[in-house]
Amino acid sequence: MRPDALTVWRNEEVRKRLSWYLSVMRGRVPPKFKIARLIDIGAEGIDEIKVLEEKELWRLHEKGRKNFLSLWKEAKEGSLGVKELEKLEKPKVSFLDLKAELSKRLTDPCRLCERRCMVRRFRGEIGACRLEGTAYVHSAFLHMGEEAPLVPSGTIFYGGCNFTCVYCQNFDISQVQPRTGLPVTSELLARIQDDLASRGARNINHVGGEPTPNLFVIVDSLRYVRANIAQLWNSNFYMSYEALNILLDIIDIWLPDFKYGNNQCALRLSAVPRYFETITRNLKVAVEWGDMIIRHLVLPNHLECCTKPVLRWISKNLPKDKILVNIMDQYTPLHLVSKYPKMWPDIARRPRYEEIVEARRYASELGILWEPIS
Ligand code: SF4
């Protein structure tokens, strides 16, 4: 165990801001997906929901959410612990079953992220994320290098990504060979999660590549996971609103990247359109639905166009007493930038010490809490 993985919890602000995650981690309350698994949506069997129109499924989803919210409230207030939850009767079709069905519908034609490719992934068509209808796990292990409150983190690396970052550090699994990992069924993915939990993981960290294109298998796998373990969404946060809506009731802690302060940099460096409005929309919603650590990777020469606007937006639009921000200094020119540095001269070096100091000084000036986890 890294020493700061223990000492970080001495910080009262960290305990307060990550209070739900901490309670799940300590076994005081069930993770959200276990609550979702006990909400009855009033159907007699799975086949009954499979024939419903998507609009009707969303209507049932809204109904299920009301019941979810009341049970989640009881858990947050301390009257619904893991033991009490286990005594509740299991429904024939749960809110989680419904979410799994909706996730599959969103995958074919695919609208899981804001690219909205509309490709028929279950018929073998490949989207901009370079994936068809299978999820590939490239590795799964106890990660000791994540933020202190998260380690050891039961990290699962999925292949494929809806971004094409020219400096990607995981370019092999996200862009070059996304479909060479282990193809996983929902049941196998659940076993991987239970195994990580039994080896001491504090959370299941869905990452990649990017988890969003793999959401349909991840959500379905939670129907089979036994361990009471927090679910962590480690993502570029470019999911569609519908995909986010599915995740809201099952993710305990969000770990979004907030890379760019404007759409031009996002388009040039990650080939992604409508970046800023999509990420900010999703952040505003997700922050109300779980704990959150935002990651911002400081890019060299991007202090004024990206780092400062990102920090300013966070301080103006998110509850400052709720979030933690990791201001990351580890940018290294990799992948295409290392091959063709003249094409991206602005990011063809590591950030300077002064740039990191200025980023962190500016965050402090805005009242953003970053020190305990950066
Ligand atoms: S996840 Fe996004 S990029 Fe991939 S196919 Fe779906 S809409 Fe396209």
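1. A good place to start in this model is helix 6, residues 54-77. At 1.5 Å a residue, its 24 residues should span 34 Å, and the end C-alpha atoms are indeed 34 Å apart, so the expected and actual spans agree. Please keep in mind as you read on that this is a predicted model.

2. Stay with helix 6 for a moment and look at which residues face inward. His61, Gly64, Phe68, Trp72 and Ala75 are buried. An α-helix has 3.6 residues a turn, so residues three or four places apart point the same way. Helix 4 (32-36) and helix 8 are among the elements that cover the buried residues of helix 6. Just past the end of helix 6 comes glycine 78, with a positive phi of about 95°.

3. Helix 8 also matters for the next stop, the largest nonpolar core. This core has 112 residues, and those touching the most other members are Tyr21, Ala36, Val219, Ala243, Ile253 and Val325. Helix 8 (residues 95-107) gives the most to this core, namely six residues. In soluble globular proteins, nonpolar side chains tend to be buried together. To see one core member up close, pick valine 325: setting aside neighbours within four places in sequence, its contacts are Ile294, His296, Ile314, Ala363, Ile368, Leu369 and Trp370.

4. Next, have a look at the ligand. It is surrounded by 15 residues, of which Cys110, Cys113, Cys117, Gly127 and Cys129 are the closest. Sorted by class, the shell around the ligand holds nine nonpolar, three polar and three charged residues.

5. The strands are worth tracing one pair at a time. Strand 1 (residues 135-143) pairs with strand 3 (residues 182-184) in the antiparallel sense over three bridges, and tyrosine 136 stands opposite proline 183 there. Strand 1 is also joined to strand 2 by six bridges, again antiparallel. From strand 2 (residues 153-158), four bridges lead to strand 4, and these two strands run parallel. Strand 4 is in turn joined by four bridges to strand 5 (residues 230-235), also in parallel.

6. Some individual partners help to fix this picture. Threonine 155 in strand 2 stands opposite phenylalanine 141, and threonine 155 also stands opposite asparagine 205 in strand 4. Isoleucine 204 has glutamine 231 of strand 5 as its bridge partner. Strand 4 (residues 203-207) is largely enclosed by the rest of the structure, because four of its five residues are buried.

7. Is phenylalanine 141 buried or partly exposed? Phenylalanine 141 counts as partly exposed, because it has 14 C-beta neighbours inside 10 Å. Its C-alpha atom is separated by 8.9 Å from that of alanine 201, although the two residues are 60 apart along the chain.

8. Finally, here are some backbone details to check by eye. Most residues other than glycine have a negative phi, and most peptide bonds are trans. Valine 151 and proline 152 are joined by a cis peptide bond with omega about -5°; proline 152 sits in the loop between strand 1 and strand 2. Another cis peptide bond, with omega about 25°, joins glycine 208 and glycine 209, and glycine 209 belongs to the loop between strand 4 and helix 11 (215-221).

9. Two residues other than glycine deserve a look for their positive phi. Phenylalanine 237 has a phi near 65° and lies in the loop between strand 5 and helix 12 (241-247); with 27 C-beta neighbours inside 10 Å, it counts as buried. Histidine 335, in helix 16 (residues 335-339), has a phi of about 50°. Histidine 335 counts as buried too, with 20 C-beta neighbours inside 10 Å.

Technical notes. Residues are numbered from 1 along each chain as its sequence is written. This is a predicted model: local features need pLDDT of at least 70, side-chain atom pairs count only at pLDDT 80 or more; totals for chains, interfaces and linings use all residues. A residue is near a molecule or strand if its C-beta atom, placed from the backbone, lies within 6 Å of it. Ala, Val, Leu, Ile, Met, Phe, Trp, Tyr, Cys and Pro count as nonpolar, Asp, Glu, Lys and Arg as charged, and the others, Gly among them, as polar. A nonpolar core is a set of buried Ala, Val, Leu, Ile, Met, Phe, Trp, Tyr and Cys residues joined through C-beta atoms within 7 Å. A residue is buried if 20 or more other C-beta atoms lie within 10 Å of its own, exposed if 12 or fewer, and partly exposed in between; C-beta atoms are placed from the backbone. Two residues are in contact if their C-beta atoms, placed from the backbone, lie within 7 Å. The expected span of a helix is 1.5 Å times one less than its number of residues. Two strands pair if DSSP finds at least two bridges between them.
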